[in-house]
Amino acid sequence: MFKKIYAAVLSAAMICSLAACSQQSSTGTTAAAASQAAPGSSAETSAQAAGISGEFILGSPQPLTGVNAQAAQATLNGIMLAVEELNAEGGLNGQTIKLVTYDDQGSPEEAVKIANKMVEVDKVDAVIGPLLSTCQMAQGALLNDAKIPTIGIGLSPSFMENGWEYIVRSSLNSDYVMKILAQNMVDLDIHSLAIFSGQDDSSKKAAGSMKAEAEALGITITTTETYVDGDTDFSGQAAKLINTKPDAIYAATYANVQPIIAKQLRQFGFEGLCFNKELFQADSLRVAGSAANGWIFSYPYISYKTVDECDIPNMKEFIVKYEEKYGALPYHEGAMRGYDAVKVLAEGIKNAGSTDPDAIMAGIKSISGLEGLGGTFDYTSGDGEGLHSCNSYVIADEKYTVLDKWVSDGGFEAFKAGK
């Protein structure tokens with residue numbers, strides 16, 4: 001009963017904090033309003049925190065309003081949970097972590113303003129980057145020039161192609177995913193592919209990478225259709241995709257689009273395999289229902305509908321703690337991304353034995369064998385990427401199944417027979 005009451009209070013506080021964010025000026029806000037409603041929380045922050053001695057100021061702008069708001073809140077929740085755990089263990093190199101977070105509204109322009117404020121006003125010691133790669137790309141040069149150690153959590157290759165010395169990534173580069181998915185297609189006897197893509201940086205990059213990888217393996221691209229973020233009717237694009245008679249369809253989309261395009265493709269009669277650029281989220285699966293069957297993705301994280309579905313020990317421990325704190329399982333795997341990013345930063349500082357920016361970056365780049373929620377992190381290759389591979393999954397009977405197991409157990413043959 002106590003957990004339910006606490007969850008309700010916290011949920012209400014979060015709603016209030018988001019409402020407050022939307023009423024602030026365009027320079028951004030400290031989204032720690034949620035923690036201010038819960039005194040004593042590790043995320044209790046303000047811009048003034050930067051002036052307090054013995055603290056490590058950690059910044060994290062996220063798209064807390066707009067179409068990505070729920071995913072961003074899950075991401076922020078994961079970050080706050082990791083901060084709380086680290087503070088309970090003594091902080092970072094003996095310093096208490098103070099988390100300063102802003103609503104970048106998914107806007108690159110807003111992201112630049114916020115980066116300036118984090119550097120000039122908050123005096124941040126490090127940053128956990130935004131969920132959206134377009135915003136990370138916009139603020140990257142500014143943070144790098146200020147020598148702010150930054151852990152990126154976006155998926156697009158773009159921001160890691162600049163050679164920024166003070167920025168690394170803890171999520172999986174989508175280019176790596178496209179190589180894995182393209183090989184999956186070959187293994188599943190796919191000879192032609194239609195592409196459906198958003199127009200944000202991450203989706204465009206993923207679509208372009210998939211086209212290149214597929215064509216290099218002899219797969220014909222029949223068409224590429226795009227959508228604008230915020231659209232909810234893709235019937236025109238679905239019809240055009242299907243009319244080119246592809247063996248499979250690849251979708252470079254975010255969670256809010258996944259169930260809609262899945263349903264519309266099935267409603268228009270497409271019965272083949274579909275591939276997604278990232279995890280087909282648990283909430284998307286709930287909404288899509290049987291229309292999600294036959295969707296394949298490669299990703300480090302799985303989102304779960306129940307705790308019992310998870311058989312990975314450290315992941316199960318995380319989602320249990322998350323549910324206890326927030327009253328529900330993570331809505332979006334951004335929660336895992338955010339949590340892992342903070343842990344990577346902590347491991348780098350532990351290796352360095354210092355919070356000097358150059359020492360932190362050297363400490364992160366020496367990480368090897370760090371077990372996170374997304375896999376084993378290793379930065380010693382020097383490319384700034386902590387993860388380099390992942391498993392592939394298929395949705396069958398509205399559940400996640402490892403792709404190799406599905407094929408070996410006869411699931412693929414049964415799927416083809418049922419088309």
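User: What makes β2-β1-β3-β4-β5 an open sheet, and which strands are its edges?

Analyst: In this predicted model, where local features need pLDDT of at least 70, side-chain atom pairs count only at pLDDT 80 or more, and totals for chains, interfaces and linings use all residues, 5 strands form an open sheet in the order β2-β1-β3-β4-β5, with parallel pairing. Two strands pair if DSSP finds at least two bridges between them, and β2 (96–103) and β5 each pair on one side only, which makes them the edge strands. Strands, like helices, are DSSP runs numbered from the N terminus (E, at least two residues, for strands; H or I, at least four, for helices). Residues are numbered from 1 along each chain as its sequence is written, and side-chain values use heavy atoms, with hydrogens and water left out.

User: How do you know that β3 and β4 pair?

Analyst: Strand β3 (residues 126–128) and β4 share 2 bridges in the parallel sense, and the definition asks for at least two, so they count as paired. Within β4, Ile151 is the bridge partner of Ile128.

User: Why are the buried residues of α13 said to lie on the same side of the helix?

Analyst: Helix α13 (residues 357–365) has Ile360, Met361, Gly363 and Ile364 buried (under 20% relative accessible area, with exposed over 50% and partly exposed in between, for a 1.4 Å probe and protein chains only). They cover an arc of only 160 degrees around the axis, which puts them on the same side of α13; the arc is that of the directions from the helix axis to the C-beta atoms. What covers these residues includes β1 (55–62), β4 (150–152), β5 (167–169) and α12 (334–352), where contact means heavy atoms within 4.5 Å.

User: Why is the pair of Phe196 and Tyr227 called stacked?

Analyst: Rings of Phe, Tyr and Trp (its six-membered ring) pair if their centres lie within 6.5 Å, and planes under 30 degrees apart count as stacked, over 60 as edge-to-face and the rest as tilted. Phe196 and Tyr227 are 5.0 Å apart, centre to centre, with 25 degrees between the planes, so the pair is stacked. Phe196 lies in strand β6 (residues 192–197) and Tyr227 in the loop between β7 (220–226) and α8 (235–243), so the pair ties together parts that are 31 residues apart in sequence.

User: What makes the pair of Tyr227 and Phe234 edge-to-face?

Analyst: The centres of Tyr227 and Phe234 are 5.3 Å apart and the angle between the planes is 65 degrees, which is over 60, so the pair is edge-to-face. Tyr227 is buried, with a relative accessible area of 2%, and Phe234 is buried, with 0%.
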